[in-house]
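The following exercises concern one chain and its ligand. Each task is followed by a solution that proceeds step by step.

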Amino acid sequence: MDKIKDLKNPSGPVTLKSGHKIWVDRNLCIGAATCIAVSPKTYVLDSEAKAVILESADEDTIENIIESAKACPVAAIIIEDAQGNRVFPK
Ligand code: SF4
């Protein structure tokens with residue numbers, strides 16, 4: 001069973017080991033699952049077909065997670081660096 005990183009905020013925001021903050025805008029997410037294809041360690045779809053963030057996201061590289069955000073057809077994945085600067089989407 002895949003573990004959700006933060007059960008209170010399944011789609012984030014969550015802070016990764018790298019210090020980056022990541023979240024999925026559930027209003028935008030259409031469940032296309034492209035993010036899961038790119039970063040299977042980081043996301044899974046919940047029962048509402050919205051992407052949620054897995055505990056194993058910390059094992060993923062930030063480069064791969066940025067790739068997954070870029071791959072999302074509706075730009076629903078938002079990433080900030082440890083200083084709070086927007087990494088994606090710009
Ligand atoms: S790729 Fe985007 S729209 Fe598709 S499941 Fe992931 S966050 Fe949602």
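**Exercise 1. Establish how S2 is joined to S5, and place both strands in their sheet.**

Step 1. S2 and S5 run antiparallel and are joined by four bridges. Strands are DSSP runs (E, at least two residues), helices are DSSP runs too (H or I, at least four residues), and both are numbered from the N terminus. Two strands pair if DSSP finds at least two bridges between them.

Step 2. The model is a predicted one, in which local features need pLDDT of at least 70 and side-chain atom pairs count only at pLDDT 80 or more, while totals for chains, interfaces and linings use all residues. Residue numbers start from 1 along each chain as its sequence is written.

Step 3. Within the S2–S5 pairing, Ile22 stands opposite Ile79 of S5.

Step 4. The sheet is open, has four strands in the order S1-S2-S5-S6, and is paired in the antiparallel sense. Strand S1 (14–15) and S6 are its edge strands, each pairing on one side only.

**Exercise 2. Describe the pairing of S5 with S6 and the two faces of S5.**

Step 1. Two bridges hold S5 and S6 together in the antiparallel sense.

Step 2. The bridge partners in S6 are Phe88 for Ile79 and Arg86 for Glu80.

Step 3. The S5–S6 hairpin has five residues between the strands, and Gly84 there takes a positive phi near 85°.

Step 4. In a regular strand the side chains alternate between the two faces of the sheet. In S5, Ile77 and Ile79 form the covered face, whereas Ile78 and Glu80 form the uncovered one.

Step 5. Lys90, in the segment after S6, lies 10.0 Å from Glu80, C-alpha to C-alpha, at a sequence separation of 10 residues. Lys90 counts as exposed because it has 5 C-beta neighbours inside 10 Å. The classes rest on the number of other C-beta atoms within 10 Å of a residue's own, these atoms being placed from the backbone: 20 or more means buried, 12 or fewer exposed, and anything in between partly exposed.

**Exercise 3. Which residues of helix H2 are buried, and what covers them?**

Step 1. In H2 (residues 62–71), the buried residues are Ile65, Ser68 and Ala69.

Step 2. Viewed down the helix axis, the buried residues of H2 fall within an arc of 100°, so they line one face of the helix. The arc is that of the directions from the helix axis to the C-beta atoms.

Step 3. An α-helix has 3.6 residues a turn, so residues three or four places apart point the same way.

Step 4. The cover over the buried residues of H2 includes strand S2 (21–24), helix H1 (34–38), strand S5 (77–80) and strand S6 (86–88). Contact means that the C-beta atoms of two residues, placed from the backbone, lie within 7 Å.

**Exercise 4. Locate the unusual backbone geometry.**

Step 1. Two cis peptide bonds can be listed: Gly12 to Pro13, with omega near 5°, and Phe88 to Pro89, with omega about -15°. Pro13 belongs to the segment before S1, and Pro89 to the segment after S6.

Step 2. Ala33, in the loop between S2 and H1, has a positive phi of about 70° although it is not a glycine. It is partly exposed, with 16 other C-beta atoms within 10 Å.

Step 3. Ala75, in the loop between H2 and S5, likewise is not a glycine yet has a positive phi of about 50°. Ala75 is partly exposed, with 13 other C-beta atoms within 10 Å.

**Exercise 5. Characterise the ligand shell.**

Step 1. There are 13 residues around the ligand, of which Cys29, Ala32, Thr34, Cys35 and Cys72 come nearest. A residue is near a molecule if its C-beta atom, placed from the backbone, lies within 6 Å of it.

Step 2. The shell comprises 11 nonpolar, two polar and no charged residues. Ala, Val, Leu, Ile, Met, Phe, Trp, Tyr, Cys and Pro count as nonpolar, Asp, Glu, Lys and Arg as charged, and the others, Gly among them, as polar.

**Exercise 6. Summarise the chain as a whole.**

Step 1. The chain has two helices and six strands, in the sequence pattern β-β-α-β-β-α-β-β.

Step 2. Of its 90 residues, 27% are buried.

Step 3. Among contacts between residues at least 6 apart in sequence, 53% join residues at least 24 apart.
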